[in-house]
Amino acid sequence: MQPVKDRQGTAQGASASPFVMETQCPFCSVQCKMRLTEFAPNALLAAGGNAPVLDYDEPVQYAVEAKPNKASEGRLCVKGMNAYQHAVSDDRIVYPMARRGDTFERISWEEANAMMAERLQAIAAQHGRDAIGLYGGGSLTNESAYLLGKFARVALRTRYIDYNGRFCMSAAASAGNKTFGIDRGLTNPLSDIPLAKCIILTGTNIAECQPTLTPYFTKAKENGAYIIVIDPRETGTSKMADLHLRVKPGMDAALANGMLRALIEEGLVDEKFVRARTKGYDALRAHIEAQSVEAIAELAGVPAESIRKAAIAFGKAETGMVFTARGVEQQTDGFMAVRNFLNLTLLTGKIGKPGCGYGAVTGQGNGQGGREHGQKADQLPGYRLIENEAHRAYIAGVWNIDPSELPGKGVSAYEMMEKVHDREIRALIVMGSNPVVSNPNANLVEEAMERLEFLVVADMFMSETARSADLILPVTSYLENKGTLTNLEGRVLLREGSRPAPGEARHDWRILCDLAERLGRGQYFAYSDAEEIFEELRIASKGGVADYYGITYERLRREEGVYWPCPSLDHVGDGRLFESTFAHSDGLAELVPVENHFPDERTDEAYPIYLTTGRVLSHYLTGVQTRRSHTLASRDFESFVELHPNAAKRFGVADGQLVTLTSRRGEIVVRCRVTRSIREDTVFVPMHWGDVQNVNKVTNQALDPTCRMPGFKVCAVHVRPLVVEHYA
Ligand SMILES: Nc1nc2c(c(=O)[nH]1)N[C@H]1C(S)=C(S)[C@@H](COP(=O)(O)OP(=O)(O)OC[C@H]3O[C@@H](n4cnc5c(=O)[nH]c(N)nc54)[C@H](O)[C@@H]3O)O[C@H]1N2
Ligand SMILES: Nc1nc2c(c(=O)[nH]1)N[C@H]1C(S)=C(S)[C@@H](COP(=O)(O)OP(=O)(O)OC[C@H]3O[C@@H](n4cnc5c(=O)[nH]c(N)nc54)[C@H](O)[C@@H]3O)O[C@H]1N2
Ligand code: SF4
Ligand SMILES: [Mo]
């Protein structure tokens, strides 16, 4: 038998022993731990016949085992089970490539770095430093995200940096900061969920988006919890519900006002808690008393008696938790809509106690850590603010530069795309995102990419965005790249990266260090390992809101993960926040009156039905990774539109048929799924496909005025049968 080589020619070589990797899932915010074993056939023989029978035409086989861990308690979902498939796929980009006309040509790293330095310096010299933008992502490790922020401010000295988390966590994050004085996704450990007697899940589809958390909710139900789901559609999550409020898309703020009104009518406000721990109650109460549950029922498309039932169940329950996710947050009033659910949590005193709390269910693997250490336009590490003089001075000290060298704040992700479109930003480096598919109004974004003088995309795959690049840089995957990620609970986890990089792929942080060297700023980026970056991050975050100072790799290995804030090495990390005080300087939480806001775009004759967007179980975000996994791709290999039978009749379309879905901005082609599980006035399309199925060609670019979140969850569309042109 010949020794068998891994397809990428690196990991197995001619080695005879199975290669075991301790890792964690690259997808959602639960960050389930797992073990992946890579077997070459001869290694299996060496394993003494205990291994499964192999097909010798298939050179390498893989086995995935879930590992016990505090978040998923040793569970993995179907995405985690199959996450290795994209990482070992033949589609990986394994060397740098430069555009030559309509194709790409292999080049060396030396050439790639020289090209970047030359092009970036030329563009900065001609148009100023702010002509260069950086666009990051919530899949990057804390170390890479931190370094990307530092690279923007210290190596390029541009103000324009933002990241895909703007589309994900910005509404909930800004609401948490304003109401509580801190943004940490969950205010409680997951183990509090089974202690809650009433749970509100609004705009969150945990069963399909964080599937391994579902048992926490079923345990709560076994303990007698009453579960309320607010969603225009029936989902895996609404199946758990005792009460499902099928809200009209975009009307959550109003619905929460209705619940607050019912609470006040029923005398269910925890006055003692409200007086002792919050401020702003009198204004909120006056605002709520001017509303009627019946009027709100009309606005929100939910029966008044259901609104009362939900409010009473939550108000009377001894303990309770509220969870929000993108259904509430990806709205042009996302910031205020979340604040209204925080009003509800606070008026009932359900926070800071076992079984009581709020959770913004974080999305991406490092959605939490990714928003804490400086890849956001207005932010410096440790959740510091770039416009705050004291914060600037502290970080400049850590970075060994003068505070005056730090640029000011930039703009949000979509606004950066507009600046590219306007040719104000002329060069862009994208690291860990596929903006052509994930931004609203994607046609403009695609056009913007073409207008760039220089586009660099660092990715594992030829994403829809990479296709427009001038230079593509191959990066390592989760199996190869060591670093820390912070899960949805605020628990920092260390992901080991033991698989050798395929071909010439490099770690994101390494790419930034090499480029900084070329740009003459190498002395600020002299790291030889991810841990060295983390050591600096610890100091940079010290004293900030997201304080990681007490966390070390050694602790993470020993303790399996540590919660922030963790200000000293002997600090255990706080699982439950706000037991005695909130994070504002006066210790109080801030209540606020919230208007009954309408979505930015309303239906009319030309675009008579609402479109909302979201996810399915087997795919992840823009699908660049999951579409490359044969097991996951085969579960859903194309996009679809869910629509109610009455809507199908109205538009003259049938189940299984291809239809054109059109908005004021663009059109897509998707297959019809006729189902009673959705409201009659709403259709749903998932976000996991590109090109003609890229739902963001249709979505609205209007942004929330505070957090700059786009209203991905509501726009007005038309549906028509696809007309196929026949040629003689
Ligand atoms: N399978 C899978 N899991 C994922 C991801 C994935 O792509 N695939 N992505 C990860 C990421 S980054 C994120 S951000 C999370 C997202 O997790 P979620 O926010 O839970 O997912 P979505 O499907 O975007 O939206 C949740 C629900 O909001 C509903 N909704 C739509 N409009 C409204 C509305 O106006 N009001 C209310 N109350 N609900 C509404 C939708 O019908 C949907 O069921 O998932 C993470 N996990
Ligand atoms: N219509 C609509 N649009 C949405 C949403 C919605 O609900 N509806 N949700 C929004 C949300 S919540 C999110 S989070 C965004 C996500 O939007 P994107 O950021 O575009 O999503 P991904 O598909 O994760 O893109 C990540 C890219 O980075 C690559 N990648 C993965 N890991 C790494 C790494 O470690 N390093 C590098 N360099 N590259 C890596 C992947 O191969 C992929 O090409 O989409 C948003 N867009
Ligand atoms: S996708 Fe999320 S729930 Fe599923 S295995 Fe990965 S981290 Fe766990
Ligand atoms: Mo997200």
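This passage looks at the cavities in a predicted model and at the two ligands found inside them.

Start with the empty space. Rolling a probe the size of a water molecule over the atoms shows where empty space is left. Across the whole structure, the search turns up nine cavities of 30 Å³ or more. The largest cavity holds about 710 Å³ of space. It is lined by 42 residues, and those closest to its centre are Ser 139, Asn 164, Gln 364, Gly 432 and Gln 625.

That largest cavity is where ligand 2 sits. Around ligand 2 there are 31 residues, with Asn 164, Ser 438, Asp 459, Thr 622 and Asn 696 the closest of them. Sorted by class, this shell comes out as 13 nonpolar residues, 14 polar ones and four charged ones. The shell also draws on separate parts of the chain: domain 2 (97–167 + 366–528) gives at least three residues, and domain 4 (609–727) likewise gives at least three.

Some of the contacts with ligand 2 can be picked out atom by atom. Ser 433 brings a polar side-chain atom to 2.8 Å from an oxygen atom of ligand 2. Thr 613 also uses its side chain, placing a polar atom 2.9 Å from a nitrogen atom of the ligand. With Gly 432 the backbone does the job, as one of its N or O atoms lies 3.4 Å from a nitrogen atom of ligand 2. On its own, ligand 2 has 910 Å² of accessible area, and the protein covers 97% of that. Gly 432 has turned up before, since it is also among the residues closest to the centre of the largest cavity.

Now for the other ligand. Ligand 1 takes up the space of the second largest cavity. It has 35 residues around it, and the ones that come nearest are Asp 231, Asp 252, Arg 615, His 619 and Leu 621.

Here, too, both side chain and backbone join in. A polar side-chain atom of Arg 615 is found 2.5 Å from an oxygen atom of ligand 1. On the backbone side, Ile 230 has a polar atom 3.1 Å from a nitrogen atom of the ligand, and Gly 203 has one 3.3 Å from a nitrogen atom of ligand 1. How much of ligand 1 does the protein bury? Taken alone, ligand 1 exposes 910 Å², and 100% of that is buried by the protein.

Note on methods. Residues are numbered from 1 along each chain as its sequence is written. Chains are lettered from A and ligands numbered from 1 in the order in which they are written. This is a predicted model: local features need pLDDT of at least 70, side-chain atom pairs count only at pLDDT 80 or more; totals for chains, interfaces and linings use all residues. Side-chain values use heavy atoms; hydrogens and water are left out. A residue is near a molecule or strand if one of its heavy atoms lies within 4 Å of it. A polar contact is a pair of N or O atoms within 3.5 Å; within protein, one must be able to donate a hydrogen and the other to accept it, and residues adjacent in sequence count only if both atoms are side-chain atoms. Accessible areas come from the Shrake-Rupley method with a 1.4 Å probe; for residues, only the protein chains shown count as cover. On a 1 Å grid over the protein atoms alone, a cavity is a set of points where a 1.4 Å probe fits but cannot get out, and a pocket is an open set with protein on both sides within 12 Å along at least five of seven lines; lining residues have an atom within 4 Å of a point. A molecule sits in a cavity or pocket if more than half of its atoms lie within 2 Å of its grid points. Ala, Val, Leu, Ile, Met, Phe, Trp, Tyr, Cys and Pro count as nonpolar, Asp, Glu, Lys and Arg as charged, and the others, Gly among them, as polar. Domain bounds come from an automatic or database domain assignment. Grid points are joined across faces, edges and corners, and a volume is the space filled by probe spheres set on the points.
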